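Reader: I am new to this structure, and I would like a close look at a single part of it. Could you take me through the aromatic rings and how they pair?

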Amino acid sequence: MDQGSEMGSISIPDVPLKSSNRRMPVVGLGTAASPFSGSETTKLAILEAMKLGYRHFDTATLYQTEQPLGDAIAEALSTGIIKSRDELFIASKLWCSDAHRELVVPALQKSLENLQLEYIDLYVIHWPVSSKPGSYEFPIKKEDFLPMDFKSVWEAMEECQNLGYTKAIGVSNFSCKKLGDILATAKIPPAANQVEMNPLWQQNKLREFCKAKDIQLAAYAPLGARGTIWGSNRVMECEVLKEIAEAKGKTVAQVCLRWAYEQGVCVVVKSFNKERMKENLDIFNWELTDEETKKISDIPQSRGCLGEDYISANGPIKTIEELWDGET
C-alpha cells in the first residue's frame with residue numbers, strides 16, 4: 001500500500017485497482033443514512049470530511065445522496081478545498097431495478113447527472129438480484145424480484161467502463177460463488193467487492209478468494225452499522241475489542257478500522273460527526289501487536305447483515321443460504 005499524496009490534514013494511503021488506472025483510498029466516507037439525513041446536512045458533512053483529508057466518497061442511487069455529494073464537490077472545487085476533480089475517488093451503485101442489460105448505462109448516466117460529474121471512479125452492482133424496472137423503493141416488494149442475468153448485466157457494466165463513464169467496475173454483497181459466475185464470462189474482471197466486514201464477521205473465505213483473484217475487498221459496516229435498519233452495537237460492545245482499545249489508548253472504532261487496514265481491506269465508514277470523522281482517520285501511525293491480532297481472529301463469527309430483504313418465497317433467492325451460498 002502506498003501512502004497517498006498529502007491531502008488536507010491527514011494523508012490517506014491508497015491501493016491500486018485491477019483493470020483500472022485508479023487507486024482507491026483505503027478509508028472512504030459512506031453516505032447512506034436511514035432515515036435520510038437531508039441534503040444540506042449531507043453536503044456539509046462531506047465538505048467537512050474533505051477538509052479533514054477524506055477523498056473517497058461512497059454513494060448509491062438508493063441512498064438519495066448523489067445530489068448532495070455532487071453539490072459538495074462543486075462547492076469544494078469553487079472554494080479551493082480541493083484543486084481538481086481527479087483528487088477524488090467517487091463510488092456509486094446500480095440499484096436492483098436497473099440491473100437489466102439495457103438499463104445499466106442509462107442508470108449510470110443518471111447518477112453522473114445527479115453528481116454533476118463526467119465520470120465516477122467505481123460503479124458497482126449493489127446486490128446480486130434484479131427487480132422490476134422503474135421502481136426505486138426499499139424494501140423491494142417480494143413479487144418484484146427477478147433473477148439477475150449476470151452475464152448480460154456485467155457486459156453492460158463493462159460498457160460503462162469502456163465508454164469512460166466509470167474508471168472501474170465492481171460488485172457488492174457477492175459471495176465467492178457469485179463472483180465466480182461473473183469471472184466466468186467477464187472481459188473486465190470486477191475490481192472490487194464491497195461487503196459487510198468487521199472483527200465479528202471477518203469474511204475469511206471471501207478474503208482469500210478475492211486476494212487470489214486480485215479483487216480489492218471494501219468493507220461496509222466496519223464498526224457494525226449501529227443506527228442502521230439492520231445494524232447493532234455488537235461490534236462496539238465487544239469485550240475483546242474494548243480491552244484492546246483500552247490497552248492502546250484508542251477507541252474501539254479505531255481498533256476495528258486499523259484491523260481492517262492491516263488485512264489489506266478498504267473501509268467505508270459512515271459518520272457525519274466531525275470529531276468521529278477525524279478519529280476514524282487516526283489509524284495510520286500505530287499498529288496492532290501479533291497477540292492483539294490473534295485475539296481478534298479468535299472472536300466468534302456471525303454475519304450481521306443477513307439480507308432478509310432480498311429473499312422471497314417465490315425466488316429467485318429463497319433463503320439466506322442461497323443469497324450467501326453458505327457463507328454465513
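Author: Happy to; what follows is a walk through the aromatic pairs, with a short stop at two charged side chains.

First, a word on how to read this: the model is predicted, so local features need pLDDT of at least 70 and side-chain atom pairs count only at pLDDT 80 or more, while totals for chains, interfaces and linings use all residues. Residues are numbered from 1 along each chain as its sequence is written, and side-chain values use heavy atoms, with hydrogens and water left out.

A pair of aromatic rings is described by the distance of the centres and the angle of the planes. Here, rings of Phe, Tyr and Trp (its six-membered ring) pair if their centres lie within 6.5 Å; planes under 30 degrees apart count as stacked, over 60 as edge-to-face and the rest as tilted. By that rule the structure holds 8 aromatic pairs.

One of them joins Trp95 to Tyr310: the centres are 6.4 Å apart and the planes meet at 70°, which makes the pair edge-to-face. These two residues come from distant parts of the chain, 215 residues apart. Trp95 sits in the loop between strand 5 (89-94) and helix 3 (101-115), and Tyr310 in the loop between helix 10 (290-297) and helix 11 (320-324). Helices (H or I, at least four residues) and strands (E, at least two) are DSSP runs, numbered from the N terminus.

Are these two rings buried or exposed? Buried means under 20% relative accessible area, exposed over 50%, and partly exposed in between (1.4 Å probe, protein chains only). Trp95 has 1% relative accessibility, so Trp95 counts as buried. Tyr310 is buried because its relative accessible area is 5%.

Tyr310 has another partner, Trp127: their ring centres are 3.8 Å apart and their planes are at 15°, so this pair is stacked. Again the pair links distant parts of the chain, 183 residues apart, with Trp127 in the loop between strand 6 (122-125) and strand 7 (130-131). Trp127 is buried too, as is Tyr310.

Now put the pieces together: Trp95, Trp127 and Tyr310 belong to one aromatic cluster with Phe138, Phe145 and Trp324.

Finally, the charged side chains. A charge sits over a ring if NZ of Lys or CZ of Arg is within 6 Å of the ring centre and within 35 degrees of the ring normal. Arg85 lies over the face of Tyr119, 4.0 Å from the ring centre, and Lys270 lies over the face of Phe272, at 4.0 Å from that ring's centre.
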